[in-house]
2 protein chains.
Amino acid sequence: MSTDPSHLISKRAASRSALHFTNIPSSGAPKGFKPHPKPLALSYGMPNHGFFPIDSIDVNLVERPFQTTTATSSLPQVDKLSLTGSENGQQTKTPPSSLNTLPSVHISRHTDDPKLIDLARGLQYANVEGHAPLLQFTKNFITRTHKPNYEDWTTLISNGASDGLNKAADALLDPGDVVLVEEFTFSPFLRFSGNAGAIAVPVKIDLSNDSDGIDYDALVQQLDNWEKDHPDLPKPKALYTIATGQNPTGFTQSLEFRKKVYALAVKHDFAIIEDDPYGYLTLPKYRKPTVGEPKVDEITIDDYLENDLTPSYLEIDTTGRVVRIETFSKLFAPGLRLGFVVGHTKVITAIKNYSEVVNRGASGLTQTIVNNVIQDNFNGVDGWLEWILKMRLNYSYRKDLLLYSIFESEAYKKGYVDIIDPKAGMFVTLKVNLPENVNVVEKMKLLLFKLISVGVLVVPGYNMTVDLEFSKDRSNFFRLCYAPANNDDEILESGKRLTQGVYEFFENGLEF
Amino acid sequence: MSTDPSHLISKRAASRSALHFTNIPSSGAPKGFKPHPKPLALSYGMPNHGFFPIDSIDVNLVERPFQTTTATSSLPQVDKLSLTGSENGQQTKTPPSSLNTLPSVHISRHTDDPKLIDLARGLQYANVEGHAPLLQFTKNFITRTHKPNYEDWTTLISNGASDGLNKAADALLDPGDVVLVEEFTFSPFLRFSGNAGAIAVPVKIDLSNDSDGIDYDALVQQLDNWEKDHPDLPKPKALYTIATGQNPTGFTQSLEFRKKVYALAVKHDFAIIEDDPYGYLTLPKYRKPTVGEPKVDEITIDDYLENDLTPSYLEIDTTGRVVRIETFSKLFAPGLRLGFVVGHTKVITAIKNYSEVVNRGASGLTQTIVNNVIQDNFNGVDGWLEWILKMRLNYSYRKDLLLYSIFESEAYKKGYVDIIDPKAGMFVTLKVNLPENVNVVEKMKLLLFKLISVGVLVVPGYNMTVDLEFSKDRSNFFRLCYAPANNDDEILESGKRLTQGVYEFFENGLEF
């Protein structure tokens with residue numbers, strides 16, 4: 001089978017070129033022409049780096065999450081939770097004296113180390129696909145974590161996951177094309193597919209507790225009966241899926257499940273846009289946490305890679321039809337607006353040409369800082385994975401704390417709510433066991449007002465649908481995220497307020 | 001006259017909304033609903049800042065351009081220029097000992113100073129329009145330099161000028177709309193207008209030495225006869241102009257000229273996209289430089305603002321139809337990918353909604369560093385203008401050095417070339433005085449090969465046309481940029497190689 005996905009690239013993307021007016025003529029040289037070996041350039045509108053006001057940068061780092069962050073509880077003292085075992089939670093205060101020994105990375109104007117980006121280059125115009133050292137890191141990282149199943153792949157630095165997704169949509173979708181989307185999804189993707197002129201059609205999700213997310217049988221039916229059911233629409237050109245720790249439901253597709261979906265992609269000839277913003281944050285099954293003791297389990301990198309991390313669609317792709325979207329937002333920081341895209345070189349070239357139109361690539365200063373922190377402080381791929389494992393420990397503990405506060409609640413014990421325990425990511429689904437024959441969206445909206453009034457903000461599933469009418473009866477859930485909380489207390493209190501609100505709502509006959 | 005430019009906003013841009021799935025419901029609250037005064041958020045998929053590996057950043061700065069940059073001449077010693085008065089040029093070497101006293105800006109995780117961005121915010125998700133302190137700086141800066149002539153204007157942080165231009169094109173142009181573009185231009189704009197589906201139509205440039213750029217009489221004719229000459233095209237929706245230090249020609253439109261063009265915009269109801277990447281780098285008329293002595297003149301900020309800086313179209317806009325595109329690329333560094341857009345709030349809102357689609361705003365880390373360097377080191381607008389004046393001095397000197405090396409040449413003395421001395425920016429136009437009745441583009445391409453062979457790279461005008469057929473007879477010039485050179489020697493040597501190449505070309509009967 002061919003690994004050339006050219007036929008999947010949108011006509012608009014394929015028609016773009018990367019020519020620049022400063023390019024040297026590529027043909028028509030007169031007889032005897034020989035370019036000068038050391039030309040001087042009056043061509044580029046590029047300030048010499050001597051004009052840059054920044055001479056060097058020192059980046060001061062922590063060795064573990066929350067090392068220097070003092071837990072500042074936002075809870076009023078009168079409202080103290082009885083189940084809190086520790087006042088300070090996981091954010092152990094480090095005495096100021098020991099901070100003197102924290103690591104630091106110095107970024108200078110010039111360096112000869114090929115793994116690093118210096119400021120003379122990082123602050124200068126650069127290729128839209130990103131700086132070479134950071135591109136090399138992303139290739140090394142993907143080779144270690146999710147090695148594609150073919151040779152002709154590459155990466156491109158994006159301005160974060162949203163940018164990567166918009167560019168993937170542009171590369172694959174023409175006006176009128178159909179993209180399949182999980183019925184509950186990261187709904188900004190609909191802006192990106194809409195910007196390409198494409199039509200998003202929902203794919204049913206199986207919301208039972210041990211689901212892989214997508215309802216496979218429904219997907220098979222949908223594809224097999226496409227022409228009959230959608231005489232006005234072309235067959236799908238792509239599937240957009242958050243396959244690990246799905247947003248909002250939290251489901252993770254197993255490797256076996258992915259193989260089945262991939263076989264459908266080959267059979268029906270559609271591309272797969274795999275969005276994976278936080279899949280590296282794998283989460284063990286719920287175990288009752290010891291409040292104030294964040295450690296849940298420690299594993300080696302090899303264990304993690306072999307047994308814990310779910311393989312990417314890239315690893316089973318034999319036809320170049322998978323585009324994977326990664327981001328540094330959840331593992332480093334969202335304000336970087338930095339991520340990368342992995343895919344077949346032909347798709348990445350199409351994305352590169354679109355990058356020349358929409359933003360000329362990610363901030364070089366940001367690329368420089370992230371690259372040099374990863375290379376110089378974390379010493380490359382495995383050190384970066386060690387950092388990810390530290391993040392993972394903290395997130396595992398946070399997830400279990402939130403579940404604990406829910407499991408201990410009256411609302412849970414009375415069966416008003418149920419939980420989907422995620423295998424990865426940042427999101428827990430709280431299913432609300434509404435009786436049959438109620439208007440699900442109406443009741444969930446009323447319950448949302450109840451929760452806001454008792455002081456907890458959550459995202460209702462009905463806000464994240466592709467087509468509310470299609471999904472209204474399955475919208476009886478909230479997305480809960482344990483990432484923003486400042487400390488243990490806030491997580492526990494959030495769960496308490498949440499379940500208390502649900503309890504009162506049910507006890508009041510599903511009324512506010 | 002109304003300052004509401006709503007009718008100029010593209011249908012596509014007007015149809016976008018900024019709703020997000022985490023928004024709290026704006027209507028439908030049940031009776032008795034009162035939001036909790038201190039809600040806890042399980043809603044946002046936002047990592048707590050305690051997960052960020054960076055604790056603080058120290059940015060080490062210089063006090064003037066080239067302060068710490070050792071001049072490294074790339075010239076072979078055998079090829080030393082006779083007209084070089086100094087071996088080291090303008091980049092005075094600073095002894096390492098004095099570098100200890102260079103200024104530095106410390107960026108911490110938390111600050112209460114409203115002018116600064118701390119890392120807890122700078123590394124976090126943020127509004128696509130940019131961080132409040134940097135937005136405030138851009139407003140203060142524009143108020144000081146180019147105060148709009150109406151109240152209802154605002155700014156938006158972009159990912160550099162290209163991003164700002166693409167967003168302005170999207171905000172104003174629908175498929176099939178016409179945008180007028182200077183016939184020689186920053187040709188990547190054609191990608192942006194093309195991405196919006198618009199048709200670019202060239203406006204003639206007057207290439208005589210004291211021109212304002214655009215050929216005003218030709219523009220009047222073009223607009224008055226539009227329906228007759230273009231029965232198949234709608235009347236222009238916008239004019240794209242680089243009004244100060246035009247790229248590539250270097251021309252600057254006077255205030256009086258802008259008033260005349262603006263009156264045409266009102267009469268024919270089109271918007272003006274004013275691209276101004278380096279207009280702050282104003283340049284005095286050529287005076288013979290003293291090689292090795294960069295100082296040409298020193299002026300106060302008030303002098304500069306009152307007498308030197310050409311006013312923006314914003315300053316004469318009474319109808320909200322001007323969108324001004326600025327960038328930090330040329331005044332701070334291109335690798336920031338950072339700029340801003342100034343315009344009517346309705347146009348900026350349209351651009352904001354597009355930003356949610358194409359990149360979710362500029363790097364927050366980069367915004368943090370730039371904002372805090374400007375606020376903390378330069379102490380805001382006037383300190384930043386002082387830095388710009390230092391840049392301006394250096395660029396003035398560079399421009400005069402390049403012109404000097406050309407004026408001293410045989411090619412100039414024999415009348416083979418002519419120069420347009422720019423009033424601002426980075427570009428000098430070298431006109432090649434070809435005889436009539438030659439194929440201009442063919443001869444210029446041949447001459448370009450000659451120049452590459454003698455070791456100088458320049459941009460031929462014919463590479464920067466909107467429509468080569470329209471402009472071919474006026475394409476007898478090269479764009480020269482004195483910004484990238486490492487030192488005086490390189491600038492002088494570039495001019496020497498350039499004029500030597502032209503001389504040989506002419507002496508050889510316009511042959512290679």
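Two residues are in contact when heavy atoms of each lie within 4.5 Å. By that criterion, in this predicted model, 124 residues of chain B are in contact with 124 residues of chain A.

The meeting of the two chains can be described further by area and by chemistry. About 10300 Å² is buried between chain B and chain A, and carbon and sulfur atoms give 63% of this area. Two salt bridges are counted between the chains. R191(A) forms a salt bridge with E356(B), and the closest N and O atoms of this pair are 3.5 Å apart. In addition, 57 residue pairs, both members at pLDDT 80 or more, are in polar contact between chain B and chain A. On the side of chain B that touches chain A, strand 2 (residues 54–61) of chain B gives the most, with eight residues. Sorted by class, that side of chain B holds 66 nonpolar, 39 polar and 19 charged residues.

The next topic is the interior. The largest nonpolar core has 313 residues, and those with the most contacts inside it are F328 and W384 of chain A together with F328 and W384 of chain B. Beyond its neighbours within four places in sequence, W384(B) is in contact with residues including F137(B), F141(B), F328(B) and I374(B).

A polar residue completes the tour. T429(A) belongs to strand 12 (residues 427–432) of chain A. Is T429(A) buried or exposed? Its relative accessible area is 0%, and therefore T429(A) is buried. A polar atom of the T429(A) side chain lies 3.3 Å from the backbone oxygen of P248(A). Leaving aside neighbours within four places in sequence, the contacts of T429(A) include T249(A), D418(A), I420(A) and F477(A).

Methods: Residues numbered from 1 in each chain as written. Chains lettered and ligands numbered in written order. Predicted model: local features only at pLDDT ≥ 70, side-chain atom pairs only at ≥ 80, totals over all residues. Heavy atoms only, no water. Core = buried A, V, L, I, M, F, W, Y, C linked by side-chain atoms within 4.5 Å. Buried < 20%, exposed > 50% of the residue type's maximum accessible area, 1.4 Å probe, protein only. Buried area = accessible area lost by both parts, 1.4 Å probe. Salt bridge = Lys/Arg side-chain N within 4 Å of Asp/Glu carboxyl O. Polar contact = N/O pair within 3.5 Å; in protein donor to acceptor, adjacent residues only side chain to side chain. Helix = DSSP H or I, 4+ residues; strand = E, 2+ residues; numbered from the N terminus. Nonpolar A, V, L, I, M, F, W, Y, C, P; charged D, E, K, R; others polar.
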